[in-house]
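Q: Can you take me through the labels used for this structure and show the reasoning behind each one?

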Amino acid sequence: MNLGTYTKQPAEFLDYDMVYGEWLSAGDTLTSTVVTVEPADGLGVDAVLVSSPVIKLWLSGGANGTTYKLTLTTTTDAGRIKQDEFKLKVKDL
């Protein structure tokens, strides 16, 4: 699922929350998330915090004028796997 497009400046260090409450079944919780970034260099994924039903990503850097695609592969304790992506445009305003 496409979670949208966000914009940040190269010097910003920001957090982004992805909320999975509607996707989770009763009693199921998020256990892990793997984040991949394309292109692979420039954007820092400084932390990935899983606190069900929220995944918080801390992102830094990025090359001015570059749009990154971030893919989140999330697993629950019931064994469900969900893959989502969003784009992050880095632009010095």
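Q: In this predicted model, which residues is L72 in contact with, leaving aside its neighbours within four places in sequence?
A: The partners of L72 are M18, Y20, T33, V34, V35, I55, L57, K82, Q83, D84 and F86. Each counts because a contact needs heavy atoms within 4.5 Å.

Q: Where does L72 stand in the largest nonpolar core?
A: L72 is among the residues with the most contacts inside that core, together with L70 and F86. The core has 17 residues. β2, β3, β5, β6 and β7 each supply at least two of them.

Q: Why is T71 called buried?
A: T71 has a relative accessibility of 10%. Buried means under 20%, so T71 counts as buried. T71 is found in strand β6. Leaving aside neighbours within four places in sequence, T71 is in contact with V34, V35, T36, Q83, D84 and E85.

Q: Why is the pair of Y16 and F86 called tilted?
A: The ring centres are 6.4 Å apart, and pairing requires them to lie within 6.5 Å. The planes of Y16 and F86 stand at 35°. Stacked would need under 30 degrees and edge-to-face over 60, so tilted is what remains.

Q: What parts of the chain does this pair link?
A: Distant ones: Y16 lies in strand β2 and F86 in strand β7, 70 residues apart. Both residues are buried. Y16 and F86 also form one aromatic cluster with Y6.

Q: What makes the pair of Y20 and W23 edge-to-face?
A: The angle does. The planes of Y20 and W23 are at 70°, and edge-to-face means over 60 degrees. The centres are 6.0 Å apart, which satisfies the limit of 6.5 Å for a pair. A search of the whole structure finds five aromatic pairs.

Q: How do you know whether Y20 and W23 are buried, partly exposed or exposed?
A: Compare the relative accessible areas. Y20 has 4%. The buried class ends at 20%, so Y20 is buried. W23 has 27%. Partly exposed runs from there up to 50%, so W23 is partly exposed.

Q: Which residues line the largest pocket?
A: The lining is M1, L3, M18, V19, Y20, G21, E22, W23, K82 and D84. β2 and β7 each supply at least two of these residues. The pocket has a volume of about 160 Å³.

Q: What makes up this lining by class?
A: It has six nonpolar, one polar and three charged residues. G21 belongs to the lining, and Gly counts as polar.

Note on methods: Residues are numbered from 1 along each chain as its sequence is written. This is a predicted model: local features need pLDDT of at least 70, side-chain atom pairs count only at pLDDT 80 or more; totals for chains, interfaces and linings use all residues. Side-chain values use heavy atoms; hydrogens and water are left out. A nonpolar core is a set of buried Ala, Val, Leu, Ile, Met, Phe, Trp, Tyr and Cys residues joined through side-chain atoms within 4.5 Å. Buried means under 20% relative accessible area, exposed over 50%, partly exposed in between (1.4 Å probe, protein chains only). Helices (H or I, at least four residues) and strands (E, at least two) are DSSP runs, numbered from the N terminus. On a 1 Å grid over the protein atoms alone, a cavity is a set of points where a 1.4 Å probe fits but cannot get out, and a pocket is an open set with protein on both sides within 12 Å along at least five of seven lines; lining residues have an atom within 4 Å of a point. Grid points are joined across faces, edges and corners, and a volume is the space filled by probe spheres set on the points.
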